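Trainee: I've just opened this one and don't know my way around yet. Could you walk me through a few spots?

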Amino acid sequence: MYKPELLAPAGSLDKLKIALAYGADAVFLGAKSFGLRAFSDNFTWDEMAEGVSFAHKQGKKTYVTVNVFPHNDDLVKLPDYLDFLTQIAVDGVIVADPGIFQLARTSFPKLPLHISTQANTTNWRTAQFWQEQGAKRVVLARELNLTEISQIRTQVSLEMEAFVHGAMCMSYSGRCLLSNYLTDRDANRGECAQPCRWKYQLVEEKRPGQAFPIEEDEHGTYILNSKDLCMLEHLPALLSTGINSLKIEGRMKSIHYVATVTKVYRQAIDAYLKQPDSFQIEQNWIDELHAISHRKYSTGFYIDSTGPGQIYDSNSHEQTHDFIGLVLDYDPKTRFAYIEQRNNLKLGQEIELLRPAGQGFSQSISEMYDADGLPIEVAPHPQQKIHIRMEQPVEAFAMLRRRIR
C-alpha cells in the first residue's frame, strides 16, 4: 500500500516548524506577494530560505504558493522571485495562472510545478492536459466527489492532491468577487475579506429599507457561511481514490490549530496504513478536532455533491479548549518547562498538555516563576515568558491548553 503525503499549512516560520514537529510530511507556504493569503504572516525571502533548509534537513518537503492571478504590473518582479525559489530548491511551486506556468516552465525548468485548486481541475482531460504540459502535480478542485477522483486517477500518472480538512469557500474553487465588490480587496490576488461570513438579510427591490429574514430568526441569516471540511471519518474512502497528498487548509490559522489537526491526521493515516482491514476512527481524534476553533464540520463535496452546506444561524466558531501556552524548552533535572504564555495562566489552574509525540496529559499548575526566577501566582501579560513545574516530561513545541466547555 502506498503512503500518502500529509501536507500542512505554514503561514509563518514558526508554523512551519510546528507542522513538521507534529507529523507533516510537507508544508505549503507563501511569500508576502504572489500568493492567495496576503493577510497571513507569510515569509520574507530569508525566512523562506531558512524554512526550506529546516525542512530538508528533516527529509521533509516545502511547496510555495505562486497562485495569484497576476495583472501586468505583477509580472515585473515575478522572474526574480522564481529564480530565488529555484536557488533555494523548493520542492514545488503551486500555480494557477497559465502565464506564470509558462514562464516557470520555460525559464526555470528545475522548478517542479503543481497546479493550484484555483485552476479548477474537475475532470480527467484537464488533468491530462496539465500532465502533458509538464506539471508534476494537480491540486484537484474541491467540487469533486470520490468517484470522480477515482476516475481521474485511472487516466493520469501525475500526482494528485486534495483537501482533507479546513475551511471551505462558498464560491466555485475560490473564484469569488464578493470581496472585490464590497471591500475593494481582491480575493484572487490574496486579499479576501471573507464577506461570505457576514450576516445578510433579504431586501425586495420595490421595498427599500425593509429587510426580510430568510430564516425565522431575528438576527438575520448567514446563508453564504460554509461549514468546514473534515474527512477524518472517511479517510479510507478518500485514500482508496489514489490521492497522493492530503492537504490541510489553514495558513492563517493558529499554531494550536496546525499542531492539533496535523497530529490527528498523522495518527489516523499511520493507523490505517498499519492495519487497513481493521482500521477504526478513535474517539479521541474526533475530540481533538473539536478542541480547536472551527465551524461545524461537513464532508464537503466528497460524499454529497450538493456541497458542504451552510451555517444559517451564526458565523461564530466552536471549540472546547483555549490555547494558553507554548513550551519553548524543558529541563528534565528540575522538571520545569520554559513557556511562552498565550492566554492568562494562574496557580491552581487545570491544564492539558498537547505533545508533538506521545500521549498528552493533564495536571494543575502547582509552581510558576517569571523569567527572572521570582515566584508568581498569575501570568497575565501577552507572550510572557514563565517557568512551570511539569508532572511529566515534555518537549519543545508542546502546547498548554485549558478546557472551556
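Mentor: Sure, labels to begin with: helices (H or I, at least four residues) and strands (E, at least two) are DSSP runs, numbered from the N terminus. This is a predicted model, where local features need pLDDT of at least 70, side-chain atom pairs count only at pLDDT 80 or more, and totals for chains, interfaces and linings use all residues. Residues are numbered from 1 along each chain as its sequence is written, and side-chain values use heavy atoms, with hydrogens and water left out.

Trainee: Where is Ala 89 found?

Mentor: Look for a backbone oddity: Ala 89 isn't a glycine, yet its phi is positive, about 65°. Most residues other than glycine have a negative phi. You'll find Ala 89 in the loop between α3 and β4 (92-95).

Trainee: And does Ala 89 count as buried, partly exposed or exposed?

Mentor: Buried is under 20% relative accessible area, exposed is over 50%, and partly exposed is in between (1.4 Å probe, protein chains only). Ala 89 has 40% relative accessibility, so it counts as partly exposed.

Trainee: What about Asn 120, where does that one lie?

Mentor: Asn 120 also has a positive phi, near 60°, and it's a residue other than glycine. Its place is the loop between β5 (113-115) and α5 (124-133).

Trainee: Is Asp 25 buried or exposed?

Mentor: Asp 25 is in the loop between α1 (13-21) and β2 (26-29). Beyond neighbours within four places in sequence, Asp 25 is in contact (heavy atoms within 4.5 Å) with residues including Pro 4, Lys 60 and Arg 266. Its relative accessibility is 19%, so Asp 25 counts as buried.

Trainee: How are α3 and α4 oriented to each other?

Mentor: Helix α3 (residues 78-87) and helix α4 (residues 98-107) pack at about 55°, with axes 11 Å apart. Angles under 35 degrees count as roughly parallel, over 145 as roughly antiparallel, 65 to 115 as roughly perpendicular, and the rest as oblique. So α3 and α4 are oblique.

Trainee: Which residues of α4 meet α3?

Mentor: On the α3 side you have Leu 78, Pro 79 and Leu 82. Across from them, in α4, are Ile 100, Leu 103 and Ala 104.

Trainee: Last one: how is α1 oriented to α9?

Mentor: α1 and helix α9 (residues 255-274) pack at an angle of about 20°, with their axes 8 Å apart. That angle makes α1 and α9 roughly parallel.

Note on methods. Axes fitted to C-alpha atoms, helices over the stretch in contact; angles between N-to-C directions.
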